Amino acid sequence: MAEKPQKSKKPAWVIDKERARRTAAAETVWLFGLHAVRDALANPRREKLRLVVTRNALDRLGPLPAELTPEIIDARVFDRTVPLSPESVHQGAALEVRPLKWDSLADLALSGPGRPLLVALDRVTDPHNVGAILRSAEVFGARAVIAPARHSAPETGALAKTASGALERQPYLRIVNLADALIELQSMGYVVLGLDGTGTETLPQALAELSGRPICLVLGAEGPGLRERTRETCDRILRIPFAADFGSLNVSNAAAVALYAASQS
């Protein structure tokens, strides 16, 4: 009797990739706070799963999508019903959603709305900092904020609340490898500018020479700063000039200053 052919085993990397895809498909995020929830409800790109609200919060949210039926609960049991951290300022509104899906880096960099201006974050893990950076990126017309999938702040309720609605409109693209993404941007004509207090050039000096060029601003985490490979990949390392020798700006403030300067160049 002929033996049945054995099924070939999938390589480990294929199995890991499929497992990661299934995990991502099952992942959900709880957004909270009236502003963040209202903006997510109004976003047609956002897949909405479950809305939990108090009666008072429901009255303040305004019209809801026809396909979403709210669960109205007493404010006294809200914290026991929704899986939020105790310090979350939810204002009686929480929305379970799927993470947003954005276009590819190439699509956003080459044909995204606004001027060709991007922000790249190297190991910025604080959701409050990332939320504030997304807000500044939207205000100053950046096409996207990019960050490595590992060692960066994921899409969370805290990030969305700090972003004050910007998370629903400002692309936040988490990529596999930051240095490789920067090299890809350079191949598209972007000038990659790393911000670091050790830079010998100042940001205004460099921007004056680069008027009209596509720009990617790269910022590192407070303390560690840019990783070595990230620094080596940048075209130039710049500093924001200070009026006094007092230390440094935090990363979200530095991003706001740099974005404003780049938007005016």
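Is Arg123 buried, partly exposed or exposed, and what is its relative accessibility? In this predicted model, Arg123 counts as partly exposed, because its relative accessibility of 28% falls between the limits of under 20% for buried and over 50% for exposed. Arg123 is placed in the loop that lies between β5 (117-122) and α6 (127-139), and its phi is near 60°, a positive value in a residue other than glycine. A positive phi near 60° is also found for His151, again a residue other than glycine, and His151 is located in the loop between β6 (144-148) and α7 (157-163). Most residues other than glycine have a negative phi.

An open sheet is formed by 4 strands in the order β1-β4-β2-β3, with mixed pairing. The edges are occupied by β1 (29-32) and β3 (71-72), each of which has a single partner strand, so that one side of each is left without a neighbour in the sheet. Strand β2 (residues 48-53) and strand β4 (residues 93-97) run antiparallel and are joined by 5 bridges; within this pairing, Val53 has Ala93 of β4 as its bridge partner. Helix α2 (residues 34-41) packs on the sheet, where β1, β2 and β4 are touched by the helix, and the direction of α2 makes about 40° with that of β4.

On the surface, a nonpolar patch is formed by Phe242, Leu249 and Val257, which together have about 220 Å² of accessible area. Of these residues, Val257 belongs to helix α11 (residues 251-264) and is partly exposed, its relative accessible area being 39%, a value that satisfies the requirement of over 30% for residues of a patch.

Definitions and conventions
Residues numbered from 1 in each chain as written. Predicted model: local features only at pLDDT ≥ 70, side-chain atom pairs only at ≥ 80, totals over all residues. Heavy atoms only, no water. Patch = residues over 30% accessible without salt bridge, like charges linked within 9 Å, V, L, I, M, F, W, Y side chains within 5 Å. Areas by Shrake-Rupley, 256 points an atom, 1.4 Å probe, with all protein chains shown as cover. Salt bridge = Lys/Arg side-chain N within 4 Å of Asp/Glu carboxyl O. Helix = DSSP H or I, 4+ residues; strand = E, 2+ residues; numbered from the N terminus. Buried < 20%, exposed > 50% of the residue type's maximum accessible area, 1.4 Å probe, protein only. Pairing = 2+ DSSP bridges. Contact = heavy atoms within 4.5 Å. Axes fitted to C-alpha atoms, helices over the stretch in contact; angles between N-to-C directions.
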